[in-house]
Amino acid sequence: MSRKGKVTVVGAGFYGSTTAQRLAEYDIFEEVVLTDIIEGKPEGLALDMNQSRPVEGFETKVTGQSTGPAGEGYEAIGGSDIVVITAGLPRKPGMSRMDLIETNAKIVRNVVENVTKYAPDAVLIVVSNPLDEMTALAAKVSGFPPARVMGQAGMLDTARFSYFVAEKLAVPVGSVRTLTLGSHGDTMVPVPSACTVNGKPLSDLLPADEIEALVNRTRNGGGEIVGLLKTGSAYYAPSAAAARMARAVAEDSGAVMPVCAWVDGEYGISGVYLGVEAEIGAAGIRRVVERDLTEDELAGLRAAAEAVRAKQADVASL
Ligand code: APR
């Protein structure tokens, strides 16, 4: 089996370390680099992951590297094809993602400045919250073409929605297709017209009020987990989603996924990072895929665009 390419995960917390593990276990990369500002943390986690290789049977090498305030250690990410940015604080119970904006903007800005210097050709996948704003900030700070910067949210929200539907109807998760667009937050836009179970429209299987309850649980899906954990936020499903996006880039697969992408005219919306379906390839977003939406869904998507547009303008000055 041929392995190629280098992927870096910045931030070796729960989200970053599980993402690195998933990427390494795919066994398709030459190297996975994991970095963090806490000295010894990425090195220790990388050593531990490398020691799992004989058991799990993967050859991808994992490198851990701590980084300093002036960018010391960033040489380790040199030549990365993909950089997943997970650095930043997670929510505490009762917090909204937006409460993290000032703190995480400083962190993401610093990370992106260094990433741009050492991995100028990488595709950036941002997962730090608030997601839509941090993705826009990363694009601005990097100066990369918008198609080379994307955020992970729609894959996760969709996965949560699909899980809730599968649980409700007692069917395998694999038989459920759902879709959410818009923002990773209050203006998440569920798209019931694209939801099916074994090919049948979800609306034929569940009454509208029950679908609405599942949509609400999805919208608060991250908060529900934060409330249970009390320290930290979700990472198993989030890392699964981010790793799949990185894999689509690495394999130049053309997979269509709901992601946070630069929208430039699609759905009559322009100049904003927003959750939409997009075809993913080696250079990032190949194209935003527009689908037929009902009037309500389209109105929801446009409202989400305006809500995140205002915040994305603010974040540039943080
Ligand atoms: N460079 C690299 N790593 C950093 C930096 C930085 N400038 N600043 C902070 N970090 C690291 C922390 O040291 C910590 O190890 O980011 C890591 C964050 O890990 P956790 O606290 O475990 O948070 P996690 O659950 O991984 O979430 C990370 O993803 O879902 C979002 O809202 C969440 O913004 C948060 C991010």
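Mentor: A polar contact is a pair of N or O atoms within 3.5 Å. The model discussed here is predicted.

Trainee: How far from an oxygen atom of the ligand does a polar side-chain atom of Asn129 lie?

Mentor: The cut-off for a polar contact is 3.5 Å. The pair to consider joins an oxygen atom of the ligand to a polar atom in the side chain of Asn129, and its distance is 3.0 Å.

Trainee: Which residue offers a backbone N or O atom 2.9 Å from an oxygen atom of the ligand?

Mentor: In Asp36, the N or O atom that lies 2.6 Å from a ligand oxygen belongs to the side chain. The backbone atom at 2.9 Å from a ligand oxygen belongs to Leu89.

Trainee: What percentage of the area that the ligand exposes when taken alone does the protein bury?

Mentor: Taken alone, the ligand exposes 740 Å². Of that area, the protein buries 89%.

Trainee: Where does the ligand sit, and how much space lies there?

Mentor: The ligand is placed in the largest pocket. Among the 41 residues lining this pocket, those closest to its centre include Thr86 and Leu89. The space in the largest pocket is about 770 Å³.

Trainee: Which helix supplies the largest share of the shell around the ligand?

Mentor: Both α1 (14-26) and α3 (101-118) supply at least two residues of this shell. The largest share is four residues, and they come from α3.

Trainee: How many charged residues does the shell around the ligand have?

Mentor: The shell consists of 23 residues. By class, 13 are nonpolar and eight are polar, while the charged residues number two.

How values were computed: Residues numbered from 1 in each chain as written. Predicted model: local features only at pLDDT ≥ 70, side-chain atom pairs only at ≥ 80, totals over all residues. Heavy atoms only, no water. Near = heavy atom within 4 Å. Polar contact = N/O pair within 3.5 Å; in protein donor to acceptor, adjacent residues only side chain to side chain. Areas by Shrake-Rupley, 256 points an atom, 1.4 Å probe, with all protein chains shown as cover. 1 Å grid on protein atoms, 1.4 Å probe; cavity = no way out; pocket = protein on both sides within 12 Å on 5 of 7 lines; lining within 4 Å. Sits in = over half its atoms within 2 Å of the grid points. Nonpolar A, V, L, I, M, F, W, Y, C, P; charged D, E, K, R; others polar. Points joined across faces, edges and corners; volume = space filled by probe spheres on them.
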